[in-house]
Amino acid sequence: MVHLSPLIVALLSLSLSTLSSAIPAPAPSSAATCKRPAVRKEWRTLKTAEKKNYIDAVLCLHATPGVNTDVYPGLARTTRFEDFLYLHKTVAPYIHYTGQFFAWHRYFLNTYEQALRDECGLRIPHPYWDITMDADALSDSPVWHAKTGFGGNGAYDPGALQPDIPLPPGTGGGCVQDGPFRNWRIHLARNNTAAADDRCLNRSFGPVIAADWAGKAREESVLAQKTFHDMVTDCEGGVSYENFGIHGAGHGMVGGTNADLFVSPSDPVFYLHHANMDRLWRVWQKADLKNRLYEVSGSPIPWTLALNPDLSTIPAGNVTLDFEVDLKNLGTTKKIRQLMDTKGGDAELAAMRTLLELSPLAKPTYAGTQPEMGVTSEWMRDAKEMWLDPERFDWRAVEAKLNAFPQYTAQVTDTHTLHFVALFSPNPNAVPLLLLHGWPGSHYEFFPLLHELAKTPGKYHVIVPSLPGYCYSSAPPASADFSVGDVAALMDALMRGLGLSEYVVQGGDIGSFLARILTRFDACRGCMLNMWTPTETDPNDGPVLPQEELPVSRRAQWEADGRAYAHEHATRPSTIAHILSASPLALLAWLGEKFLTWPDPDAPLPKALILEMASLWWLTQTFASSIYPYRELHTLDARGEMHTMIKIEKPWGFSWFPRDIVVFPESWIEGVGGCLYFRHHESGGHFAALEKPVELATDLAAFIRNLDAKEMQAEMERRDMVAAAK
């Protein structure tokens with residue numbers, strides 16, 4: 001089975017693209033998008049039920065088998081909780097006292113929170129502990145409550161192992177005596193010792209440390225710093241008590257395991273403390289958001305070598321926005337620029353707006369007044385004005401639309417993560433449907449069809465992926481070519497990994513090529529198409545019905561002057577990718593022409609919807625990684641070998657729309673053989689799921705009924721043959 005991570009669309013935010021091992025679960029509601037961001041709350045402000053939910057999730061994570069095996073002799077497998085502890089333990093010398101301190105811990109905390117949410121039912125944003133509120137009365141903090149907190153101090157043990165940094169003596173040192181973690185067992189040795197060790201959770205409260213370093217004045221000192229370097233240095237401090245810092249205070253005042261810089265995540269309170277440190281960073285950023293949101297500096301080499309890092313493994317240079325943060329097997333590598341904005345994408349939206357403002361329109365020409373010569377100057381002018389008008393176009397409102405259905409990411413192979421929208425049915429007999437978009441579409445174009453299919457709950461499992469290179473799915477590798485067959489294999493692997501074998505696939509445009517290829521795979525029952533591409537071996541001399549004459553006659557014109565874009569994609573993909581990646585206005589012109597001319601002209605797409613599509617492509621940088629299929633299709637077509645790729649091997653059906661970009665007679669299409677269902681429609685163009693969702697949903701249901709009947713008949717005949725043989 002593939003591992004799923006629920007996804008909520010919040011432009012380039014941390015929650016969008018964090019991947020963790022997870023079981024299928026409903027995606028968070030659109031209330032948690034960046035328009036209404038989830039708010040982390042201080043522990044003592046949570047309701048009792050919320051505290052219980054959080055603690056139960058932590059206990060669950062520690063009861064769940066981890067992904068690490070045989071990391072130390074005597075330790076066959078970590079728990080999921082210990083997966084995070086093991087990572088922190090092994091990279092501690094490289095993530096403290098460096099420029100990546102805040103970014104690494106933000107990503108680490110977010111990934112931990114996602115695991116609690118996805119795997120163990122956490123229903124609240126991750127809480128934080130404001131240590132300044134307990135600096136003068138540490139042991140009285142509600143964080144230590146035995147029933148609604150994390151339990152209290154460890155038993156007094158004067159011989160307990162002390163931290164490497166000399167600190168004022170603590171008041172405990174032994175195992176935690178009460179609360180939900182009193183029987184907590186950790187299986188990784190303390191410090192940087194590479195060994196297993198079955199040990200308890202110990203604490204040694206340090207009221208002197210709390211009073212000296214955790215007070216409000218220490219927090220205010222951090223927030224008063226003018227540069228990122230000074231802020232992180234003030235927060236982290238050093239390796240002496242005289243320069244401890246509020247970060248060190250949060251660990252030292254809890255003491256015991258939490259004061260061990262390597263294995264401090266042994267104590268669940270670690271994550272509340274680091275949620276507070278992350279809050280401090282965000283508060284510091286917000287004090288001068290324009291200048292601080294993307295400010296980062298420092299060296300990857302720690303400013304103290306007390307933790308004995310292997311300097312030969314540390315990259316040269318400084319920590320910049322392009323510095324890579326690595327969570328090993330707990331998450332994908334991210335650049336720091338992806339981790340700077342907790343709200344998600346404000347800078348990207350601002351950058352898109354700036355580019356729009358700076359991008360000039362083409363000067364007036366005769367061609368710019370003729371729709372048959374491309375997108376017109378008037379349309380581009382009006383579209384640019386609308387795009388820049390916050391009263392007429394609001395990306396955050398688009399995010400809410402994008403979150404109308406549950407979305408997930410799945411690690412299908414070591415190198416490919418696929419994003420998909422899903423409607424899972426509780427009905428064990430539900431039919432798996434795989435719906436595939438093409439170019440310049442996306443998963444978003446299927447939303448009207450999803451609304452129709454959702455009207456018959458329980459009937460289908462519906463999966464709508466973003467093809468590789470589109471939107472939130474991994475791009476094809478930059479080191480090798482990538483074929484349409486490779487895409488089909490990933491689609492099949494996704495469906496089988498979800499436990500959805502015996503699926504039916506539907507597609508138009510490039511999705512129709514994929515659907516035809518997928519009929520070679522055992523798990524695919526058949527395909528439903530809404531675009532036809534003939535091959536060299538197909539019949540081409542059948543009768544043309546009266547209602548087909550005009551649509552079919554338009555094909556010659558499109559083939560004469562409508563295919564220039566495809567030739568450019570196929571023969572100079574890098575050139576057009578660089579051109580359209582330089583300006584959102586350029587991208588709009590290229591995509592907008594297709595969204596204007598490919599649908600049925602009697603029902604044009606609204607300008608606002610075209611802007612939504614273009615924004616989605618721009619903000620996910622889709623174009624450059626979306627046009628790879630054209631090279632292969634162009635080559636096969638030129639060689640007369642298209643039939644080798646798209647021969648249909650299973651039963652199929654067809655929805656005929658008269659205003660598609662190329663239309664063929666029913667006799668030609670059905671002449672291929674194997675067609676179980678064919679229906680002419682009176683209107684509709686290239687984007688069937690977007691333009692004609694009711695009709696397409698009806699056609700799908702009818703095709704599946706015919707397919708069921710054919711398969712039932714074949715099974716009856718098989719049984720009759722078996723009986724006759726006996």
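## Salt bridges

Is Glu-42 buried or exposed? Glu-42 is buried, since its relative accessible area comes to 6% and anything under 20% goes in that class. Bear in mind that we're looking at a predicted model here. Glu-42 has a charged partner, too: it pairs with Arg-44 in a salt bridge whose closest N and O atoms sit 2.8 Å apart. Arg-44 itself is partly exposed, at 24% relative accessible area. So this pair joins a buried acid to a partly exposed base.

That's one entry on a list of 32 salt bridges. The general idea is simple enough: side chains of opposite charge can pair when their charged atoms come close. Another pair worth a look is Asp-326 with Lys-328, where the closest N and O atoms are 3.5 Å apart. Both ends of that bridge are partly exposed, with Asp-326 at 31% relative accessibility and Lys-328 at 49%.

## A bridge within a helix, and a network

Which helix holds both Arg-555 and Glu-559? They belong to H17, which runs over residues 549-561, and they're 4 residues apart, or about one turn of the helix. Their side chains meet in a salt bridge, with an N to O distance of 3.9 Å. Arg-555 is buried, with 17% relative accessible area, while Glu-559 is partly exposed at 40%.

Some salt bridges share partners, and that is how Arg-40, Arg-106, Glu-113, Arg-117 and Asp-278 end up in one network.

## The largest cavity

Now for the holes. How many cavities of 30 Å³ or more does the model have? There are 5 of them, and the largest has a volume of about 100 Å³. Its lining is made up of 17 residues, and those nearest the centre are Glu-445, Gly-508, Asn-530, His-686 and Ala-688.

Two of the elements behind that lining are strand S14 (503-507) and helix H25 (688-691), each of which supplies at least two residues. If you sort the lining of the largest cavity by class, you get 7 nonpolar, 8 polar and 2 charged residues.

## The second largest cavity

The second largest cavity comes in at about 70 Å³. Asn-530 turns up in its lining as well as in that of the largest cavity. Among the other lining residues of the second largest cavity are Met-531, Trp-532, Phe-654, Trp-656, Phe-657, Phe-664 and Ile-669.

Which strand gives the most to this lining? That would be S16 (residues 652-656), with 3 residues. By class, the lining of the second largest cavity splits into 9 nonpolar, 2 polar and 1 charged.

## Backbone oddities

A few spots in the backbone deserve a click. The peptide bond running from Trp-439 to Pro-440 is cis, with omega near 5°. Pro-440 sits in the loop that links strand S12 (431-436) and helix H14 (447-453).

Then there are residues with positive phi that aren't glycines. Lys-328 is one of them, at about 55°, and we've already met it as the salt-bridge partner of Asp-326. You'll find Lys-328 in the loop between strand S8 (324-325) and strand S9 (334-335). Cys-471 is another, with a phi of about 50°, and its place is the loop between strand S13 (460-465) and helix H15 (484-497). Cys-471 is buried, with a relative accessible area of 9%, whereas Lys-328 counts as partly exposed at 49%.

## Helix H2 and its neighbours

Helix H2 covers residues 48-62, so 15 residues by the DSSP run. From first C-alpha to last it reaches 21 Å, close to the 21 Å expected at 1.5 Å a residue.

Which residues of H2 are buried? They are Lys-51, Asn-53, Tyr-54, Ile-55, Ala-57, Val-58, Leu-61 and His-62. What do these buried residues of H2 pack against? Their partners include two strands, S3 (75-79) and S6 (185-188). On the helical side, they pack against H3 (80-95), H4 (101-120) and H9 (269-286).

Key. Residues are numbered from 1 along each chain as its sequence is written. This is a predicted model: local features need pLDDT of at least 70, side-chain atom pairs count only at pLDDT 80 or more; totals for chains, interfaces and linings use all residues. Side-chain values use heavy atoms; hydrogens and water are left out. A salt bridge is a side-chain nitrogen of Lys or Arg within 4 Å of a carboxyl oxygen of Asp or Glu. Buried means under 20% relative accessible area, exposed over 50%, partly exposed in between (1.4 Å probe, protein chains only). On a 1 Å grid over the protein atoms alone, a cavity is a set of points where a 1.4 Å probe fits but cannot get out, and a pocket is an open set with protein on both sides within 12 Å along at least five of seven lines; lining residues have an atom within 4 Å of a point. Grid points are joined across faces, edges and corners, and a volume is the space filled by probe spheres set on the points. Ala, Val, Leu, Ile, Met, Phe, Trp, Tyr, Cys and Pro count as nonpolar, Asp, Glu, Lys and Arg as charged, and the others, Gly among them, as polar. The expected span of a helix is 1.5 Å times one less than its number of residues. Contact means heavy atoms within 4.5 Å.
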